[in-house]
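I opened this model to look up a few local features and wrote down what came back. The entries follow in the order in which I made them.

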Amino acid sequence: MRGLIEVEGLEFSHGRERGSDARGGGSWSLRVPELTIEDGSTVGIVGESGSGKSTLIRILCGLLPVAAGSATFRGKEIADWLRIGGREFRRQNQLVFQNPSGSFDPRMTMGRSVAEPVKAIERRAPTGAEIAGWLSEVGLRGEILRRYPHELSGGQLQRVAIARALSLRPSVLYADEPTSALDVSVQAQVLNLLMDLRENLGLTLVMVSHDIVVVAELCEYLVVMKDGGIVETGRTDDVMRRPRASYTEELIAAAERVSLR
Amino acid sequence: MNRQGSSVQASGIHADAPKTAIEGTTGPQPHRSRGRRFPAPLVTGTALIASACLVALISLWWTPFDLTGVDTAGSLLPPLSDGHLLGTDRLGRDVTSQIMAGARNSLIVGGAATGIAIVVGVVVGLITAASGRVAREVITRVIDIGVAIPALLVALVLATVLGPGRATVIAAIVISFVPWAARVSVGPARQILAREYVEAAFAYGRSRWYVMMRHVLPNIGSLIAVQAAIMFATAVLAEAALSFLGVGEPPPAQSWGRLLSESQSVAHQAPTLVIFPGLAITAVVLGFMLLGNGVHALLDPHQRRREMEARE
């Protein structure tokens, strides 16, 4: 069976300048020999910061270029998608970011921001009823549409970000540490929301996190990353019960220590 | 305080109606009152510039005395004599009328030079910010060279090539401002480009052009407005300096800079001839500086929020 997303011999390297923006200098590279994500699955990508997990999902949704190797979506190279059929590829691959307050243009009302993807991809303005529908899916009401990002809480913003990403009815939703900027009390709500939506909409969900326990709870498959490479992949049960890599054991042990406290 | 605030809001998301309703009613209020408070520098600066514009406008139709009327018998009259509010100069021309007409020149040169330089400079800045690494390095070096070119020399060279005149002054100021405007906009534009909402826009298929125009430009707009005000002030100063040096529009056109240079030789007899044009220049320059600060305070949402929090 072919996967929805297949990666083979993928390489990417950040130049010096990008590294200095985000990760404190030094050149850095990502190598993914093989990775398959099946349609409708939930995949958790875990690893410490700088392990390349965010970079990987940005390549998979076409925000960063493939330097070498192959990355396909529905059997077609992502680079080819972007050349012909870029809009359809964008529609099917959407993203939710770590920092909800940075995810919205501070000069746009929430209503304008939420309408943007449909305007960009479908070249039409969504109706008020459509927008209200997207918001109610994430448990918000229409009154926030006239507000600006700084007038909403982090949890509310992240819900709107999810609504915005799902407004295009994507087949894959990438979530880059979707809860790490939120209060603990809100984290579980947002995670539950993501899981509910995934089930209702039949999404493929790829979630990036540094917290292996949270991801293990939610995802069928785990990808463990370290220093720009993949350390271990497998079904969550197998990885958690019988980790093959010592780094995975460390991650699990560290997470358990934290949760015991 | 912040933490408490967010946890209260978080419980509001549980979607029990009363709490969200309370949020709904208290939320927008600071938003509405925001427009009414204008910072003092903005008010002062606007007043100064508005009066300069008004004087310039009036001078188009009316000045107390004829602008070209030379009356050597009535030269160097002190202020408030024979109906000359600010006295007369060496050639017996009314200083009030000269300053009024000079305002026109200063504002036209300042406005044209600043407008052209900001548009060209910001476009160059945005292109630079959006370029790849190599292109960006190259353009940045070119901009650095442009900033290093001494503006005064450019102006004097231009004057010998094009001849003195208003267009020469504007061209000289534009040439020295463009690299400055470009350099000032590159950094902030790149900061905006690194934001998640820009990544999101690319992820839902917006073009680079659209992102630059609809996300980057509006978000660096307040900064550009502040720069424009400072540039306008500098341009007024530069215009005065260039006219002083004889690069500006030749007589009989009026200019504050030339008023100063013409009064140099008689400054010890009639110091007011230097003081009044000097004050006029100072007032306009100060006005634009204050306007710049005021616009900055008004448009910067982060500063505005900090002020709002400080008042609570």
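The notes below go from conventions to chain B, then to aromatic pairs, backbone angles, a helix of chain A and cysteines.

**Conventions.** I am working with a predicted model, in which local features need pLDDT of at least 70, side-chain atom pairs count only at pLDDT 80 or more, and totals for chains, interfaces and linings use all residues. Residues are numbered from 1 along each chain as its sequence is written, chains are lettered from A and ligands numbered from 1 in the order in which they are written, and side-chain values use heavy atoms, with hydrogens and water left out.

**Chain B, overall.** I took helices (H or I, at least four residues) and strands (E, at least two) as DSSP runs, numbered from the N terminus. Chain B has 13 helices and zero strands. For burial I used relative accessible area: buried is under 20%, exposed is over 50%, and partly exposed is in between, with a 1.4 Å probe and protein chains only. In chain B, 44% of the 312 residues count as buried. I computed accessible areas by the Shrake-Rupley method with a 1.4 Å probe; for residues, only the protein chains shown count as cover. Chain B exposes about 15400 Å², and carbon and sulfur atoms supply 68% of that area. I then looked at contacts (heavy atoms within 4.5 Å). Among those in chain B between residues at least 6 apart in sequence, 69% join residues at least 24 apart.

**Helix α8(B).** I checked the length against the expected span, which is 1.5 Å times one less than the number of residues. Helix α8 of chain B covers residues 166-193, and its 28 residues should span 40 Å. Its end C-alpha atoms are 39 Å apart, which agrees. I also looked for bends, taking the angle between axes fitted to the seven residues ending at a position and the seven starting there. α8(B) has a kink of about 30° at Phe177(B), shortly before the proline Pro179(B). Arg190(B) is in the same helix, α8 of chain B, and is partly exposed at 29% relative accessibility. I noted its C-alpha as 32 Å from that of Leu153(B), with the two positions 37 residues apart in sequence.

**Helix α11(B).** Is this helix covered or open? Helix α11 of chain B (residues 256-263) is mostly covered, with seven of its eight residues buried. Among the buried ones I listed Trp256(B), Arg258(B) and Leu260(B). Their cover includes α5 (95-130), α10 and α12 of chain B.

**Aromatic pairs.** I paired rings of Phe, Tyr and Trp (its six-membered ring) if their centres lie within 6.5 Å; planes under 30 degrees apart count as stacked, over 60 as edge-to-face and the rest as tilted. The search of the whole structure gave five aromatic pairs over all chains. One of them, Phe73(A) with Phe89(A), is edge-to-face, at 5.4 Å centre to centre and 90° between the planes. Phe73(A) lies in strand β4 (residues 68-73) and Phe89(A) in helix α4 (residues 86-92) of chain A, so the pair ties together parts 16 residues apart in sequence. Both Phe73(A) and Phe89(A) are buried. Phe232(B) and Phe288(B) form a stacked pair, 3.9 Å centre to centre with 10° between the planes. Phe232(B) is in helix α10 (residues 208-244) and Phe288(B) in helix α12 (residues 272-299) of chain B, so this pair ties together parts 56 residues apart in sequence. Phe232(B) and Phe288(B) are both buried. I also recorded one aromatic cluster formed by Phe73(A), Trp81(A) and Phe89(A).

**Positive phi.** Most residues other than glycine have a negative phi. Arg74(A) has a positive phi, near 50°. Arg74(A) sits in the loop between β4 and β5 (76-77) of chain A and is partly exposed at 41% relative accessibility. Phi of Arg169(A) is also positive and near 50°. Arg169(A) is in the loop between α7 (154-166) and β7 (172-176) of chain A, partly exposed at 35% relative accessibility.

**Helix α7(A).** With 13 residues, α7(A) reaches 18 Å from its first C-alpha to its last, close to the 18 Å expected. α7(A) is mostly covered, as 12 of its 13 residues are buried; Leu157(A), Val160(A) and Ile162(A) are among them.

**Cysteines.** How many disulfides are there over all chains? Taking a disulfide as a pair of cysteine sulfur atoms within 2.5 Å, I count zero over all chains. The sulfur of Cys219(A) is 16 Å from the closest cysteine sulfur, in Cys61(A), which is too far for a bond. Cys219(A) is buried at 5% relative accessibility, whereas Cys53(B) is partly exposed at 35%.
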